[in-house]
Amino acid sequence: WTGPFEERIRAAYPGKYSFINKSVMGNRLLRDCSPIFPARGLYGKRATIRIKDDIYPYENISHVIFFMGVNDVFEYASINALPSEKPDPKDICDAIKSITNDLHSRGMKVIIFNIPAFGSAPDATREKDAIRRVVNKWIESNQDLFDGYYDVPAAAADPEDDYRSKAEFIGGDKLHPNALGGRYLSGLVDLAMFG
């Protein structure tokens, strides 16, 4: 979704914004890559640590789009992470709040996407989904903490079963958005806030 978003903001504000994509595949908010994951270095340090290297060194950062937490919830009890790495939803919410407050203290605006529905993916469970829902409920209840809030499941969940995202929006792994889903996610952001 970041590619289509970059296209949108560059077209809307030519020459005004640069876009930096600092996402890391499989990265978690609370924990480093699990010791059982075969390619341990791939997922990197937890976001609460790496944000200091990925964002703070840049000058003139005006906005941060915060779209994390799904891997904390989704990965435990899978090939990627131990069952003991099950997150406490309060810890996820506390980390989101702490990072947001820190970004605000540095003059940056924070746009948050909550955690999308992932029920079609092979490692999905209702237990994991329950954690996702608690975190999303907290984000929704604390919208005033953020400068922009986008409810991804409300926009992209399967209307027949909100445990899943719409089939037409997800790729072959049944987890990540496909090209259509990426464009849809990108289109949720109101570009007027950058004016």
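**Exercise 1. Which residues are buried in α5?**

Work with the predicted model above. Then decide how these residues are arranged around the helix.

*Solution.*
Step 1. List them. In α5, the buried residues are Pro89, Ile92, Cys93, Ala95, Ile96, Ile99, Thr100 and Leu103.
Step 2. Look down the axis. These residues cover an arc of only 160°, which puts them on the same side of α5.
Step 3. Turn to the other side of α5. Lys90 and Ser105 are exposed there.
Step 4. Find the partners. The buried residues of α5 pack against α3 (47–54), β1 (63–66), α4 (70–75), β2 and α6.

**Exercise 2. Check the span of helix α5, then inspect its ends.**

*Solution.*
Step 1. Helix α5 covers residues 89–105, which is 17 residues.
Step 2. The expected span is 1.5 Å times one less than the number of residues. For α5 this gives 24 Å.
Step 3. Compare with the model. The end C-alpha atoms of α5 are 24 Å apart, so the two values agree.
Step 4. Go to the N-terminal end. Asp88 caps α5 there: one of its side-chain oxygens lies 2.8 Å from the backbone nitrogen of Lys90.
Step 5. Go past the helix. Gly107 follows α5 and has a positive phi, near 85°.

**Exercise 3. Describe the largest nonpolar core and the place of α5 in it.**

*Solution.*
Step 1. Start with the general rule. In soluble globular proteins, nonpolar side chains tend to be buried together.
Step 2. Find the best-connected members. The largest nonpolar core has 31 residues, and Leu29, Phe66, Ile96 and Leu103 touch the most other members.
Step 3. Name the contributors. α3, β1, α4, α5, β2 and α6 each give two or more residues to this core. The largest share, 6 residues, comes from α5.
Step 4. Zoom in on Leu29. Beyond its neighbours within four places in sequence, its contacts include Phe66, Met68, Ile92, Ala95, Ile96 and Ile99.
Step 5. Look for another cluster. A second, separate core has 12 residues, among them Ile9, Tyr13, Tyr17 and Ile111.

**Exercise 4. Is Asn114 buried or exposed?**

Locate Asn114, then describe its surroundings.

*Solution.*
Step 1. Locate it. Asn114 sits in the loop between β2 (109–113) and α6 (126–141).
Step 2. Apply the cut-off. Buried means under 20% relative accessible area. Asn114 has 2%, so Asn114 is buried.
Step 3. Find a polar partner. A polar atom of the Asn114 side chain lies 2.8 Å from the backbone nitrogen of Val152.
Step 4. Add the contacts. Leaving out residues up to four places away in sequence, Asn114 touches Phe67, Asn136, Ile139, Tyr149, Tyr150, Asp151, Val152 and Pro153.

Methods:
Residues numbered from 1 in each chain as written. Predicted model: local features only at pLDDT ≥ 70, side-chain atom pairs only at ≥ 80, totals over all residues. Heavy atoms only, no water. Helix = DSSP H or I, 4+ residues; strand = E, 2+ residues; numbered from the N terminus. Buried < 20%, exposed > 50% of the residue type's maximum accessible area, 1.4 Å probe, protein only. Polar contact = N/O pair within 3.5 Å; in protein donor to acceptor, adjacent residues only side chain to side chain. Contact = heavy atoms within 4.5 Å. Arc of directions from axis to C-beta. Core = buried A, V, L, I, M, F, W, Y, C linked by side-chain atoms within 4.5 Å.
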